[in-house]
Amino acid sequence: MDKNAGSGPKSEEKREKMKRTLLKDWKTRLSYFLHNSSTPGKPKTSKKSKQQTFIKPSPEEALLWSEAFDELLASKYGLAAFRAFLKSEFCEENIEFWLACEDFKKTKSPQKLSSKARKIYTDFIEKEAPKEINIDFQTKTLIAQNIQEATSGCFTTAQKRVYSLMENNSYPRFLESEFYQDLCKRSQITTDPHTT
């Protein structure tokens, strides 16, 4: 018999406590990702723009994330929340790879393109990489060939596969998560800026 299966007041109290703990953990992770989500290599901006980073979305904005995966990724708060969710599922390497590819595609200098390509390959693609993503052998082989003469399209196939994996697997689970549901149903969120 399951001791937690009871419907008494103590069992309900335990569930509520677990729920609060889970939400607190999510908020802590989200705060961490929001605080550290600036683009790698770019200096932090002024305090004013930093404060904007932490403004919670309205329930309406959060609901927009359910309309399309791109809506979620386009929102700084949404992206940070999704990263925290993936971290809780032990698959944050997918979003990290996708973000690294987005940054890589913006690189203009051939020298930087080549060094970034090698870094992405060693971090995410090669066998036993520290953040190895789950892609097929043919794609890995193609990437290994492509980075010999790096172009902005080196990782396009792998990035599309990882995007599809997140969109079809992780994204629906994120939308069902208690944290996301909580964001959508809040009737009142304080968005007043702090005055000094």
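Start by selecting helix α7 and colouring L113, A117, I120, Y121, D123, F124 and I125, since these residues of α7 are buried. Keep in mind throughout that the model on your screen is predicted. Now add two more helices to the view: the buried residues of α7 pack against α6 (93–105) and α8.

**Zoom out for a moment**

Show the whole chain as a cartoon. How many helices and how many strands does the chain have? There are ten helices and zero strands. Follow the chain along its sequence and you will pass α-α-α-α-α-α-α-α-α-α. The chain has 196 residues, and buried residues make up 34% of them. If you switch on a surface, you are looking at about 13,100 Å² of exposed area, with 52% of it supplied by carbon and sulfur atoms. Contacts also link distant parts of the sequence: among contacts with a separation of 6 or more, 60% are between residues 24 or more positions apart.

**Stop 1: D123**

Go back to α7, which covers residues 110–125, and select D123. Is D123 buried or exposed? D123 counts as buried because its relative accessibility is 16%, and the cut-off for buried is under 20%.

Show the side chains around D123. Leaving out residues up to four places away in sequence, D123 touches A129, P130, K131 and E132. Next, display K119: the side chains of D123 and K119 are joined by a polar contact of 2.8 Å. For a longer reach, draw a line between the C-alpha atoms of D123 and E93, which are 9.4 Å apart in space and 30 residues apart in sequence.

**Stop 2: two residues with positive phi**

Most residues other than glycine have a negative phi. With that in mind, select E128, in the loop between α7 and α8. The phi of E128 is near 65°, a positive value, and E128 is not a glycine. At 68% relative accessibility, E128 counts as exposed.

Now move to F90, in the loop between α5 (76–88) and α6. F90 is not a glycine either, yet it has a positive phi of about 60°. Is F90 buried or exposed? F90 counts as exposed, with a relative accessibility of 72%.

**Stop 3: K140**

Select K140, which you will find in helix α8. Is this lysine buried or exposed? K140 is buried, with a relative accessible area of 18%.

What does K140 touch? Not counting residues up to four places away in sequence, K140 touches Y121, I125, E132, I133 and I135. You coloured Y121 and I125 at the start, among the buried residues of α7. Look closely at E132 as well: its side chain makes a polar contact of 2.4 Å with the side chain of K140. You have met E132 before, as one of the residues that D123 touches. Finally, find F155, whose C-alpha is 9.5 Å from that of K140, although the two residues are 15 apart in sequence.

**Stop 4: α8 against α9**

Two packed helices are described by the angle between their axes and the distance between the axes. Display α8 (residues 137–146) together with α9 (residues 156–176): they pack at an angle of about 145°, with their axes 9 Å apart. To see where they meet, show T139, L142 and I143 in α8 and T157, A158 and R161 in α9. By class, this contact has three nonpolar, two polar and one charged residues.

**Stop 5: the cysteines**

Select C154 and then C101. Why is there no disulfide between C154 and C101? The sulfur of C101 is the closest cysteine sulfur to that of C154, but it is 9.6 Å away, too far for a bond, because a disulfide needs the two sulfur atoms within 2.5 Å. The count for this model is zero disulfides. C154 is buried, with a relative accessible area of 3%.

Another cysteine to select is C184, which counts as buried at 13% relative accessibility.

**Last stop: L63**

From C184, move to L63, in helix α3 (residues 59–64). Leaving aside neighbours within four places in sequence, L63 is in contact with Y180 and C184. At 43% relative accessibility, L63 counts as partly exposed. To finish, draw a line from the C-alpha of L63 to the C-alpha of L183: these residues are 120 apart in sequence and 8.5 Å apart in space.

Key: Residues are numbered from 1 along each chain as its sequence is written. This is a predicted model: local features need pLDDT of at least 70, side-chain atom pairs count only at pLDDT 80 or more; totals for chains, interfaces and linings use all residues. Side-chain values use heavy atoms; hydrogens and water are left out. Buried means under 20% relative accessible area, exposed over 50%, partly exposed in between (1.4 Å probe, protein chains only). Helices (H or I, at least four residues) and strands (E, at least two) are DSSP runs, numbered from the N terminus. Contact means heavy atoms within 4.5 Å. A polar contact is a pair of N or O atoms within 3.5 Å; within protein, one must be able to donate a hydrogen and the other to accept it, and residues adjacent in sequence count only if both atoms are side-chain atoms. Axes are lines fitted to C-alpha atoms, for helices over the stretch in contact, and angles run from 0 to 180 degrees between N-to-C directions. Ala, Val, Leu, Ile, Met, Phe, Trp, Tyr, Cys and Pro count as nonpolar, Asp, Glu, Lys and Arg as charged, and the others, Gly among them, as polar. Accessible areas come from the Shrake-Rupley method with a 1.4 Å probe; for residues, only the protein chains shown count as cover.
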